[in-house]
There are 2 protein chains.
Amino acid sequence: MDAVFRALADPTRRQLLDSLHARNGQTLNALCEEMAMTRQAVAKHLAILEEANLLTTLRRGREKEHYLNPVPINEIAERWIGKFERGRLTALSDLKKRLERED
Amino acid sequence: MDAVFRALADPTRRQLLDSLHARNGQTLNALCEEMAMTRQAVAKHLAILEEANLLTTLRRGREKEHYLNPVPINEIAERWIGKFERGRLTALSDLKKRLERED
DNA sequence: TTAATATGCAACCATTTGGTTGCATGTCAA
DNA sequence: TTGACATGCAACCAAATGGTTGCATATTAA
């Protein structure tokens, strides 16, 4: 899970996920065309995303296709973010208490 | 939004959010007791979380209370993660197409 | 078979990050 | 008022990060 958070921390990597969300299964060179950096830099970012299990790859001849894997993002949404969402009302209540203590 | 993702990337900072989720309004020294690092290091992490608007502070005398702000986490869940959640069925469909191409 | 294409690997570099220590400032309480 | 306590600020450091260049390898197509 830490790997997923760290992978999502970089805007380039989120852009890569966006690109794959728009068109899944793109090859490295295809993904490079939208990025303002070298192919090797993009490959490093893709490796980090793959390490976090955010995408899977399929070697097809000399090309390598990249497929989005939405499962880790869902896990984060459910197991981690959900906890804070449920805390919204609590937080508002805390704010109220805080303001009352101001008096 | 980039600041929120980067803030969430560090496990220490997620732990701080967890701690505030368990007990909101804690002071710097209180938060430090659970952390295996110096007070100054914790203060830096808290500054990053505050910069990302993930928490607000309230100076009370010589102490400073820290309050969780769940709004940015909700925004990420709704505007960014939701997009990929909705793509789950699409991704499965893509996988099916991919496997069909294997023949 | 050979040239072009797609990717992989490694060394290298600048900047950012996450931590430290040391000291300064402000506030409470005896 | 003065000492203890809570926080702020700044310099410094090692390691991680994000990028580059150069070259190697593997596959396709003429």
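Start with chain B: strand β3(B), residues 63–68, is joined to β1(B) by two bridges, and the pair runs antiparallel. Keep in mind that this is a predicted model. The exercises below work outward from that pair.

**Exercise 1. Work out the strand order of the open sheet in chain B, and say which strands form its edges.**

Step 1. Take the pair you already have: β1(B) and β3(B) are antiparallel, with two bridges between them. To pin down the register, look at T27(B), whose bridge partner in β3(B) is E65(B).

Step 2. Now look for another partner of β3(B). β2(B) pairs with β3(B) over six bridges, again in the antiparallel sense. One handy marker here is T57(B), which has H66(B) as its bridge partner in β3(B).

Step 3. Put the pairs together. The order comes out as β1-β3-β2, an open sheet of three strands with antiparallel pairing. The edges are β1 (26–27) and β2 (55–60) of chain B, since each of them pairs on one side only.

**Exercise 2. In the hairpin of β2(B) and β3(B), which residue takes a positive phi?**

Step 1. Go to the link between the strands: the hairpin has two residues there.

Step 2. Check the backbone angles. G61(B) is the one to pick out, with a positive phi near 65 degrees.

**Exercise 3. Which strands does each of the helices α2(B) and α4(B) lie across?**

Step 1. Begin with α2(B), residues 11–22. This helix lies across β1, β2 and β3 of chain B, and its angle to β3(B) is about 90 degrees.

Step 2. Move on to α4(B), residues 39–51. Here the strands crossed are β2 and β3 of chain B, and the helix runs at about 120 degrees to β2(B).

**Exercise 4. Describe what surrounds DNA strand C: how many residues, from which elements, and of what class?**

Step 1. Count the residues. There are 21 around DNA strand C, and the closest are T27(A), T38(B), Q40(B), K44(B) and H45(B). On the DNA side, 61% of the strand C atoms that come within 4 Å of the protein belong to sugar and phosphate.

Step 2. Pick out polar pairs. K64(A) has a polar side-chain atom 2.9 Å from a phosphate oxygen of strand C. L28(A) uses a polar backbone atom instead, 3.3 Å from a phosphate oxygen. R62(A) goes for a base: a polar atom of its side chain is 3.2 Å from a base oxygen of strand C.

Step 3. Sort by element. Those that give two or more residues are α3 (28–33), α4 (39–51) and β3 (63–68) of chain A, plus α2 and α4 of chain B. α4(B) supplies the largest share, four residues.

Step 4. Sort by class: 10 charged, eight polar and three nonpolar residues make up this surface.

**Exercise 5. Now do the job for DNA strand D: which residues come nearest, and which element gives the most?**

Step 1. Of the 21 residues around strand D, the nearest are T38(A), Q40(A), K44(A), H45(A) and T27(B). Sugar or phosphate makes up 62% of the strand D atoms within 4 Å of the protein, and bases make up the rest.

Step 2. Look at base oxygens of strand D. A side-chain N or O atom of K44(A) sits 2.3 Å from one. For R39(B), the distance from a side-chain N or O atom to a base oxygen is 3.0 Å. R62(A) turns up here too, with a polar side-chain atom 3.3 Å from a base oxygen of strand D.

Step 3. By element, two or more residues come from each of α2 (11–22) and α4 of chain A, and α3 (28–33), α4 and β3 of chain B. α4(A) gives the most, four residues.

Step 4. The class count is three nonpolar, eight polar and 10 charged.

**Exercise 6. Is R14(A) buried or exposed, and what does its side chain pair with?**

Step 1. Locate R14(A): helix α2 of chain A.

Step 2. Its relative accessible area is 8%, so R14(A) counts as buried.

Step 3. List its contacts, skipping neighbours within four places in sequence: L8(A) and A9(A), along with D2(B), F5(B) and W80(B).

Step 4. Find the polar partner. The side chain of R14(A) makes a 2.8 Å polar contact with the side chain of D2(B).

Terms used
Residues numbered from 1 in each chain as written. Chains lettered and ligands numbered in written order. Predicted model: local features only at pLDDT ≥ 70, side-chain atom pairs only at ≥ 80, totals over all residues. Heavy atoms only, no water. Pairing = 2+ DSSP bridges. Contact = heavy atoms within 4.5 Å. Axes fitted to C-alpha atoms, helices over the stretch in contact; angles between N-to-C directions. Near = heavy atom within 4 Å. Polar contact = N/O pair within 3.5 Å; in protein donor to acceptor, adjacent residues only side chain to side chain. Nonpolar A, V, L, I, M, F, W, Y, C, P; charged D, E, K, R; others polar. Buried < 20%, exposed > 50% of the residue type's maximum accessible area, 1.4 Å probe, protein only.
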